[in-house]
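Here is a short report for a reader who is new to this structure. Take a look at the model first, then follow the text from one part to the next.

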Amino acid sequence: MDRMANIKRPRASGGASSQRARTRILDTAEALFADAGPAAVTLRSIAAAAGVNVAAVSYYFGSKEMLFEEMFVRRIVPLNEERLTRLTACIEAAGGAPTVEDVVTAFVMPALQLTNQANANARAIVVQYSLGRVLALPEVNHMLERYYARLRDAFVAALQRAAPHLASHEVVWRYYWMGGSVMVALAVPPGMVPSGAGRSAGRAAHEAMPAELIAFLAQGIRAQGIREQGTRAKENRAQGTRAKGRRAKGIRAAAWERSAPRAFGV
């Protein structure tokens with residue numbers, strides 16, 4: 001991947017054993033972060049759980065913040081690649097004119113599939129990084145631009161084609177709102193959503209969530225913008241004024257027709 005070359009990597013290490021150590025530290029840290037959150041985890045606790053010394057963690061990753069970013073990169077880059085692959089496929093399948101639903105599905109589904117046990121840690125890391133650090137620390141803007149610019153540009157362009165009635169800034173905002181909605185959908189614990197009686201009802205509600213989210217987002221993205229609503233309101237007022245004029249003219253004409261025979265002695 002071309003943009004992967006721009007990702008700042010930890011210092012090089014030699015041999016397969018070093019790579020295995022790095023992977024073990026990443027896997028262990030990911031599980032700890034997902035379970036307790038970043039604030040509760042230290043390099044010392046990561047080292048203890050991974051069976052290495054603290055110096056090894058510092059050597060491979062430098063700091064807890066850099067380790068967290070490395071975990072995020074490991075998860076978000078493949079996720080965004082899958083989104084871009086799906087977007088390209090849906091554009092080609094639609095002959096270059098995908099629907100809003102097609103574009104939303106390509107963005108939403110790869111993230112919502114981070115729900116099985118194998119991806120549980122990945123899901124937690126993506127949510128915590130996006131809802132926690134990314135929204136709280138302005139200095140990560142360059143990192144976001146590095147990891148998300150291509151994704152944003154591709155999806156904004158596709159949404160603009162699918163909803164040409166929207167202004168460009170409206171499409172950009174709706175792209176970000178789509179991303180925020182996905183993060184909330186990933187973050188909400190299943191038990192917080194009423195699903196009716198019985199385990200089968202809960203499972204059915206969970207399985208229906210992606211389709212409901214896609215429908216919700218597609219309708220919101222497709223909705224008229226404020227500018228368009230204002231234009232249409234002006235047009236409606238103008239049409240109303242013209243209609244009133246026509247009614248008044250019709251009333252005057254009818255009155256003249258009633259009086260005309262008498263006026264002309266017919």
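Start with one face of a short helix. On one side of H2, Arg44 and Ala48 are exposed. Across from them sit the buried residues of H2, which spans residues 43-50. They are Leu43, Ile46, Ala47 and Ala50. Why do these buried residues lie on the same side of H2? They cover an arc of only 100 degrees around the axis, so they share one side of the helix. What covers them? The cover includes H1, helix H3 (54-61) and H4. Just after H2 comes Gly51. Its phi is positive, near 75 degrees.

**The chain as a whole**

Keep in mind that this is a predicted model. The chain has 266 residues, and 35% of them are buried. Its secondary structure comes to 10 helices and 0 strands. Read from the N terminus, the elements run α-α-α-α-α-α-α-α-α-α. Contacts often reach across the sequence. Take the contacts between residues at least 6 apart in sequence: 74% of these join residues at least 24 apart.

**H1 against H4**

Two of the helices that help to cover H2 also pack against each other. Helix H1 takes in residues 15-36, and helix H4 residues 64-93. Their axes are 10 Å apart, at an angle of about 95 degrees. Angles of 65 to 115 degrees count as roughly perpendicular, and that is why H1 is described as roughly perpendicular to H4. H1 brings Arg22, Thr23, Ile25, Leu26, Asp27, Ala29, Glu30 and Phe33 to the contact. H4 brings Lys64, Leu67, Phe68, Glu70, Met71, Arg74 and Arg75. What is the make-up of the contact of H1 with H4, by nonpolar, polar and charged residues? There are 7 nonpolar, 1 polar and 7 charged residues.

**Along H7**

Helix H7 covers residues 141-162. Three residues in a row show what surrounds it.

Arg150 lies in H7. It has 44% relative accessibility, so it counts as partly exposed.

Leu151 also lies in H7. Is Leu151 buried or exposed? Its relative accessible area is 2%, and buried means under 20%, so Leu151 is buried. Leave out residues up to four places away in sequence, and Leu151 touches Asn80, Arg83, Leu84, Phe107 and Tyr175.

Arg152 is part of H7 too. Its side chain makes a polar contact of 3.3 Å with the side chain of Asp153. Which residues does Arg152 contact, leaving aside neighbours within four places in sequence? They are Glu145, Tyr175 and Tyr176. Tyr175 thus appears in the contacts of Leu151 and in those of Arg152.

**Beyond H7**

Past H7, a loop leads to helix H8 (168-187), and Ala167 is found in that loop. Its relative accessible area is 10%, so Ala167 is buried.

**Apart in sequence, set side by side**

The table lists residue pairs with their separation along the chain and their C-alpha to C-alpha distance.

| Pair | Apart in sequence | Apart in space |
|---|---|---|
| Arg150 and Asn80 | 70 residues | 9.3 Å |
| Leu151 and Glu81 | 70 residues | 8.4 Å |
| Ala167 and Ile226 | 59 residues | 9.9 Å |

Asn80 pairs with Arg150 in the table, and Asn80 is also among the residues that Leu151 touches.

Terms used:
Residues numbered from 1 in each chain as written. Predicted model: local features only at pLDDT ≥ 70, side-chain atom pairs only at ≥ 80, totals over all residues. Heavy atoms only, no water. Axes fitted to C-alpha atoms, helices over the stretch in contact; angles between N-to-C directions. Helix = DSSP H or I, 4+ residues; strand = E, 2+ residues; numbered from the N terminus. Parallel < 35°, antiparallel > 145°, perpendicular 65-115°, else oblique. Contact = heavy atoms within 4.5 Å. Nonpolar A, V, L, I, M, F, W, Y, C, P; charged D, E, K, R; others polar. Buried < 20%, exposed > 50% of the residue type's maximum accessible area, 1.4 Å probe, protein only. Arc of directions from axis to C-beta. Polar contact = N/O pair within 3.5 Å; in protein donor to acceptor, adjacent residues only side chain to side chain.
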